[in-house]
Amino acid sequence: MSAEALPSIGEMMTASVPMTRTLNLEFTETTPERAVVSMPDQSAFHNHVGGPHAGAMFTLAESASGAVVMAAFGDQLSRAVPLAVRAEIGYKKLAMGAVTATAEIGRTKAEVVAELDAGERPEFPVHVSIAREDGAVTGEMTIVWTLRPNS
């Protein structure tokens, strides 16, 4: 199978994580360093002030974090499963319209894989910024992920 025929991280996440389809998330960039995921303005997911519901924004940010984790550590899936351990989100400004989440891993892949190689269960933060179309940051999230070794 050629590299062109392999599904992208975004396509794999859309196929395997139903909430990404429910919210119509679009994975516009997925590299081992960064993932960018957008959510269109959808009245079905608005809150009481007409912007995206906090739960939808949480899911957007968590999905961006999962995309960067899969891009960075997908080659480790034969021996470990990535799992979100905990998350903290701060809602900074009113989000209206379409929003985009940008996720970046807070440790190097080499550090994380070295801990896995040593028989440990590494943890690492993923920092996510959520912004409106005008660039204003409406939320920030940190999700701590782990690579749980397969038994």
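In the predicted model, helix 4, formed by residues 109-117, lies across three strands: strand 3, strand 5 (123-132) and strand 6 (137-149). Its direction makes an angle of about 30° with that of strand 6.

Strands 3, 5 and 6 belong to an open sheet of 6 strands, arranged in the order 1-2-4-5-6-3 with antiparallel pairing. Strand 1 (26-30) and strand 3 (80-91) form the edges, and each of them pairs on one side only. On average, neighbouring strands of the sheet are turned by 20° against each other, when direction is ignored. Within the sheet, strand 2 (residues 34-39) runs antiparallel to strand 4 (residues 99-105), and the two are joined by 6 bridges. One of the residues involved is Met39, whose bridge partner in strand 4 is Val99.

Helix 1 spans residues 9-16, and its buried residues are Ile9, Gly10 and Met13. These residues lie on the same side of helix 1, because the arc they cover around the axis is only 95°. The elements that cover the buried residues of helix 1 include helix 2 (18-22), strand 1 and helix 3 (54-73).

Helix 1 and helix 3 also contribute to the largest pocket, each supplying at least two residues of its lining. The volume of this pocket is about 260 Å³. Its lining consists of 13 residues, and those nearest the centre are Met13, Val17, Gly66, Met70 and Trp145. Helix 3 provides the largest share of the lining, with 6 residues. Met13 therefore appears twice in this description: among the buried residues on one side of helix 1, and among the lining residues nearest the centre of the largest pocket.

How values were computed. Residues are numbered from 1 along each chain as its sequence is written. This is a predicted model: local features need pLDDT of at least 70, side-chain atom pairs count only at pLDDT 80 or more; totals for chains, interfaces and linings use all residues. Side-chain values use heavy atoms; hydrogens and water are left out. Two strands pair if DSSP finds at least two bridges between them. Helices (H or I, at least four residues) and strands (E, at least two) are DSSP runs, numbered from the N terminus. Axes are lines fitted to C-alpha atoms, for helices over the stretch in contact, and angles run from 0 to 180 degrees between N-to-C directions. Contact means heavy atoms within 4.5 Å. Buried means under 20% relative accessible area, exposed over 50%, partly exposed in between (1.4 Å probe, protein chains only). The arc is that of the directions from the helix axis to the C-beta atoms. On a 1 Å grid over the protein atoms alone, a cavity is a set of points where a 1.4 Å probe fits but cannot get out, and a pocket is an open set with protein on both sides within 12 Å along at least five of seven lines; lining residues have an atom within 4 Å of a point. Grid points are joined across faces, edges and corners, and a volume is the space filled by probe spheres set on the points.
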